[in-house]
Structure formats: structure tokens, C-alpha cells
Amino acid sequence: MSVTDPQPPAPDPRADAAQEALRDRIAADSLTTRRDYLRIVATVSGGLAVGGVAVASGILHRHGDSDEAPEIKKVADRIEPGESLAFRYPGDEDRAIAVRMDDGTLAGYSAVCTHLACAVLWRKERGSEGELYCPCHEGIFDARTGEVTAGPPPRGLPKVLLVEQVDGSVWAIGTARSGESAVEGFCRQNGDDRPGCPGFGAGGPAGPSAVPSGADGKTAERSERT
């Protein structure tokens with residue numbers, strides 16, 4: 001009796017065809033996945049680049065762009081020292097922030113970073129007066145002036161003009177462009193050429209009647225109830 005090596009079974013043409021089809025499908029899926037990934041990356045990168053250019057060049061809407069006086073809006077019944085408040089002004093899509101510093105100074109700003117339009121927050125624990133901070137790219141703004149102190153933002157935050165009634169309520173009465181003082185923004189939007197622009201005019205029931213004080217826009221005047 002002779003001993004021979006076992007012979008492998010004859011290849012099955014149908015199995016070979018199935019494996020080849022599977023390899024083709026996997027290769028096609030991988031190619032599609034790579035294409036989709038690259039498409040997503042390109043879209044996101046392009047969107048960020050376009051958004052950054054649009055914000056930096058002023059194509060997108062920013063607080064204070066309009067020369068028309070916005071509606072007066074009550075922001076809060078009261079804002080205590082050391083507190084901040086997020087609100088919407090002048091429109092429902094416009095993010096804004098009010099900050100009351102420990103010395104009582106009340107300041108309002110657009111809460112949209114001038115770099116890539118991320119949300120701006122107030123970090124009370126930073127420094128002696130806190131800071132306005134954009135977490136997207138570490139942009140930092142001075143809480144008292146809104147000017148850039150660190151990071152990539154190309155300009156300071158536009159101001160939201162705030163006044164306080166004798167009952168403690170806080171009202172938004174207008175906006176100022178980046179680099180523009182509260183008084184300059186107020187007078188431009190209200191078309192009042194008188195020195196100091198005294199008097200806001202009709203503001204509705206319990207509306208404030210005082211222009212924000214201080215040419216630098218750092219403080220807001222406590223106004224009398226109309």
C-alpha cells in the first residue's frame with residue numbers, strides 16, 4: 001500500500017466569485033467612506049474659513065450696525081454687583097450680556113465674539129474685575145471697556161447701551177459699534193445733534209429717559225422714571 005500526500009479539494013468557482021465580489025464591495029465602501037470624510041473635512045474647513053472672513057470683514061450682521069434706534073427693552077428687574085446676565089438685544093437673534101462689577105459699574109456688550117462669532121461669557125474670578133471670555137479660541141475682552149486684551153479677536157465687543165431706573169430695573173436703549181462710545185452710538189442712532197444728546201424722548205411706559213453717561217461708555221446713568 002502506498003502512502004500519498006492528501007490532495008486539496010478542487011477550488012469552487014462559485015466561492016471564488018463570492019470572495020472577489022466581497023473584496024470589491026469592501027474596496028468600494030472604503031473609497032466612499034474616504035471620499036465622504038474628505039468632503040466633510042473640506043466643507044467644515046471651508047465654512048470656518050468663510051465665516052471667519054465674513055466676521056472679520058464685516059459681512060455678517062453685528063450689534064450697532066444699524067443707524068436706526070432699536071426698541072427700548074427691559075433687561076432685568078435688578079442686577080446685583082458681581083452678577084452677569086445673558087439676554088437678547090436688539091433682536092431675538094442677537095446675543096448680549098450685561099455685567100455689574102463689584103463697584104456698581106453696569107456694562108453691556110454683544111455676546112458674539114468678533115473673531116468667529118462664538119459665544120462670549122463673563123469669568124468673574126479672573127483678575128480684579130473679571131473678564132469677558134470666548135472659549136473657542138481663547139479670546140479675552142476687558143469687562144469694563146469691551147476692548148481686546150488677548151487672543152485673536154480683531155476688534156473689541158460692540159456695546160449695548162444700558163440705563164438703570166431708580167427702582168433698580170435695567171433697560172437696553174441702543175447699541176454702539178465696536179470702538180464707538182455709548183454716547184456716540186446713542187446720538188448716531190437717535191439723530192440728536194444737541195451737545196451731549198440730552199433726553200431720549202418717548203420711551204413708553206416706565207421707559208428710561210437718560211442718555212448713557214461717560215464719553216467712553218464705561219458707565220450708565222441712573223435715570224428717573226418717566
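Start by selecting Cys136, which is partly exposed with a relative accessible area of 41% (buried means under 20% relative accessible area, exposed over 50%, and partly exposed in between, with a 1.4 Å probe and protein chains only). Before you go on, note that this is a predicted model, in which local features need pLDDT of at least 70 and side-chain atom pairs count only at pLDDT 80 or more, while totals for chains, interfaces and linings use all residues. Residues are numbered from 1 along each chain as its sequence is written, and side-chain values use heavy atoms, with hydrogens and water left out.

**The cysteines**

Now add Cys118 to the selection. The two residues form a disulfide, with an S to S distance of 2.2 Å (a disulfide is a pair of cysteine sulfur atoms within 2.5 Å). A search of the whole structure finds one such bond. Set up the S-S torsion in your viewer: for Cys118 and Cys136 it is about -100°, so the disulfide is left-handed. Cys118 sits in the loop between β4 (106-110) and β5 (121-123), and Cys136 in the loop between β6 (131-134) and β7 (139-142), so the pair ties together parts that are 18 residues apart in sequence. The strands named here, like helices, are DSSP runs numbered from the N terminus (E, at least two residues, for strands; H or I, at least four, for helices). Cys118 counts as buried, at 16% relative accessibility.

Next, select Cys113 and Cys134. Which cysteine sulfur is nearest to that of Cys113? The sulfur of Cys134 is, 3.8 Å away, and Cys113 is in no disulfide. Seen from the other side, Cys113 holds the closest cysteine sulfur to that of Cys134, and 3.8 Å is too far for a bond. Cys113 is buried at a relative accessible area of 2%, and Cys134 is buried at 2% relative accessibility.

**The four-stranded sheet**

Show the cartoon and pick out β5, β6, β7 and β8. They make an open sheet of four strands in the order β5-β6-β7-β8, with antiparallel pairing (two strands pair if DSSP finds at least two bridges between them). At the edges stand β5 and β8 (148-150), each with a single partner strand, so one side of each is left without a neighbour in the sheet. From one strand to the next the twist averages 40° (axes are lines fitted to C-alpha atoms, for helices over the stretch in contact, and angles run from 0 to 180 degrees between N-to-C directions).

Zoom in on β6 and β7, which pair in the antiparallel sense over four bridges. Select Leu132: its bridge partner in β7 is Phe141.

**Backbone stops**

Most residues other than glycine have a negative phi, and most peptide bonds are trans. Three places to check against that:

- Glu138, in the loop between β6 and β7, has a positive phi of about 60° although it is not a glycine. Glu138 is partly exposed, at 47% relative accessibility.
- Ala117, in the loop between β4 and β5, is not a glycine either, yet has a positive phi of about 65°. Its relative accessible area is 30%, partly exposed.
- Pro90, in the loop between β2 (84-88) and β3, is joined to Tyr89 by a cis peptide bond with omega about 0°.

**Salt bridges**

The count comes to eight salt bridges (a side-chain nitrogen of Lys or Arg within 4 Å of a carboxyl oxygen of Asp or Glu). Select Arg100 and Glu164, whose side chains meet in one of them at 2.8 Å, N to O. This pair links distant parts of the chain, with Arg100 in strand β3 (residues 95-100) and Glu164 in strand β9 (residues 159-165), 64 residues apart. Are these two residues buried or exposed? Arg100 is buried at 6% relative accessibility, and Glu164 is buried at 7%. Then select Asp103, Glu129 and Arg144, which salt bridges with shared partners join into one network.

For a contrasting setting, go to Lys74 and Asp77, whose closest N and O atoms are 2.7 Å apart in a salt bridge. Lys74 is partly exposed at 40% relative accessibility, and Asp77 is exposed at 54%.

**Last stop: confidence**

Colour by pLDDT, the predictor's confidence in each residue, from 0 to 100. The chain has a mean of 74, and 56% of its residues reach 70 or more. Select residues 40-60, where pLDDT is below 50 and the stretch has 17 contacts beyond near neighbours in sequence (contact means heavy atoms within 4.5 Å). Residues 200-207 are also below 50, with 17 contacts beyond near neighbours in sequence. Where pLDDT is low, the predicted coordinates should not be read in detail.
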